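Colleague: Please take a close look at the largest pocket and its surroundings, in connected prose. I would like every term to come with its cut-offs.

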Amino acid sequence: KKTNIYINKSIINKLITIFKRNKKTFRICLHGSNKEKIHCMIVVMGKKDKTKAHKHLLKTEYYYIHYGKVDLLTFEAKKNKYKKYSMNPNSTFFFKMINNKYHQVIPRSNVVIYSEIRNGPFKENDSILQNKQS
């Protein structure tokens, strides 16, 4: 909780090994508690995983990709209209997602590791899922 944290290639390689062993998406919270004003997480996902399209009414999110490839989709008012941002560490590696905008993370490589940073505190029903009927 009260220590400096750093991420290097060795740590990234350890996270890849953990994912390959367990084959489950996981996130490491770098903030000390759910009440903190800034939440920083390292997210590790596999190619078969993706987030559901969702938005946060009052929270801006920042994505920084460390390893792998991911598509970040932002949806327009009509559910089938979206814009795709392809991300990887060698090209587009940072993205600011404005609040109140539906978005979805779709991994494009076997393992994806990215940082997700947003304002806190954490609230249980903070994410609003996109209505599949609209």
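Modeller: A convenient way in is Lys 23, which sits in the loop that runs from α1 (9-22) to β1 (26-29); helices (H or I, at least four residues) and strands (E, at least two) are DSSP runs, numbered from the N terminus. The model is a predicted one, in which local features need pLDDT of at least 70 and side-chain atom pairs count only at pLDDT 80 or more, while totals for chains, interfaces and linings use all residues. Residues are numbered from 1 along each chain as its sequence is written, and side-chain values use heavy atoms, with hydrogens and water left out.

Lys 23 has a phi near 50 degrees, a positive value in a residue that is not glycine. Most residues other than glycine have a negative phi. Lys 23 counts as exposed because its relative accessibility is 63%, where exposed means over 50% relative accessible area, buried under 20%, and partly exposed in between, with a 1.4 Å probe and protein chains only.

The pocket itself, the largest in the model, holds about 310 Å³ of space. Its lining counts 21 residues, of which Arg 27, His 56, Glu 116, Arg 118 and Ser 127 are closest to the centre. On a 1 Å grid over the protein atoms alone, a pocket is an open set of points with protein on both sides within 12 Å along at least five of seven lines, whereas a cavity is a set where a 1.4 Å probe fits but cannot get out, and lining residues have an atom within 4 Å of a point. Grid points are joined across faces, edges and corners, and the volume is the space filled by probe spheres set on the points.

At least two lining residues come from each of β2 (38-46), β3 (54-56), β4 (61-67) and β9 (111-119), and β9 gives the largest share, four residues. Sorted by class, the lining has eight charged, eight polar and five nonpolar residues; Asp, Glu, Lys and Arg count as charged, Ala, Val, Leu, Ile, Met, Phe, Trp, Tyr, Cys and Pro as nonpolar, and the others, Gly among them, as polar.

Several of these charged groups are paired. The structure holds five salt bridges, each a side-chain nitrogen of Lys or Arg within 4 Å of a carboxyl oxygen of Asp or Glu. One of them joins the side chains of Glu 116 and Arg 27 at 3.6 Å, N to O, and this pair links strand β9, which holds Glu 116, with strand β1, which holds Arg 27, across 89 residues. Glu 116 is buried because its relative accessibility is 4%, whereas Arg 27, at 39%, is partly exposed. Another salt bridge joins Arg 118 to Glu 61, with the closest N and O atoms 3.4 Å apart; Arg 118 lies in strand β9 and Glu 61 in strand β4, so this pair ties together parts that are 57 residues apart in sequence. Both Arg 118 and Glu 61 are buried.

A further salt bridge is formed by the side chains of Glu 76 and Lys 101, at 3.5 Å, N to O. Glu 76 is in the loop between β5 (70-75) and β6 (82-87), and Lys 101 is in the loop between β7 and β8, 25 residues away. Through shared partners, salt bridges join Arg 27, Glu 61, Glu 116 and Arg 118 into one network.
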